[in-house]
Amino acid sequence: MTASRSTTSLAALLAVLACVEVVLFASDAADGLRYGVGAALAVAILVVVARLAKGGASD
């Protein structure tokens with residue numbers, strides 16, 4: 001995969017993760033579920049942002 005395709009894929013993944021995070025916290029799910037899954041999503045978002053800051057995936 002080229003660098004621009006990797007960057008585009010990571011940006012799309014970041015958008016999806018952010019949307020899922022918002023939907024999860026706006027839902028009526030139990031607090032434990034919201035905070036547990038929300039924390040995992042937050043870590044995933046941080047990882048994607050870090051890879052984007054490095055210039056994309058190193059394939």
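This report describes the side-chain contacts around tyrosine 35 and arginine 34 in a predicted model.

## Aromatic pair

A pair of aromatic rings is described by the distance of the centres and the angle of the planes. The structure holds one aromatic pair. Its members are phenylalanine 25 and tyrosine 35, whose ring centres lie 5.9 Å apart with 45 degrees between the planes. The pair is classed as tilted, because that class covers plane angles that are neither under 30 degrees nor over 60.

The two rings belong to separate helices: phenylalanine 25 is in helix H1 (residues 3-26), and tyrosine 35 is in helix H2 (residues 31-53). Ten residues separate them along the chain. Phenylalanine 25 is partly exposed, at 34% relative accessible area. Tyrosine 35 is likewise partly exposed, with a relative accessibility of 47%.

## Charge over the ring

Tyrosine 35 has a further contact, with arginine 34. The charged end of arginine 34 sits over the tyrosine 35 ring, at 5.6 Å from the ring centre. Arginine 34 has 15% relative accessibility and therefore counts as buried, the limit being under 20%.

## Salt bridge

Side chains of opposite charge can pair when their charged atoms come close. One salt bridge is found in the whole structure. It joins the side chains of arginine 34 and aspartate 31, with a distance of 2.9 Å from N to O.

Both residues lie in helix H2; because they are three residues apart, about one helical turn separates them. Aspartate 31 is partly exposed, with a relative accessible area of 44%, whereas arginine 34 is buried. Arginine 34 thus takes part in the salt bridge with aspartate 31 and also sits over the ring of tyrosine 35.

How values were computed. Residues numbered from 1 in each chain as written. Predicted model: local features only at pLDDT ≥ 70, side-chain atom pairs only at ≥ 80, totals over all residues. Heavy atoms only, no water. Phe/Tyr/Trp six-rings, centres within 6.5 Å; stacked < 30°, edge-to-face > 60°. Helix = DSSP H or I, 4+ residues; strand = E, 2+ residues; numbered from the N terminus. Buried < 20%, exposed > 50% of the residue type's maximum accessible area, 1.4 Å probe, protein only. Lys NZ or Arg CZ within 6 Å of the ring centre and 35° of its normal. Salt bridge = Lys/Arg side-chain N within 4 Å of Asp/Glu carboxyl O.
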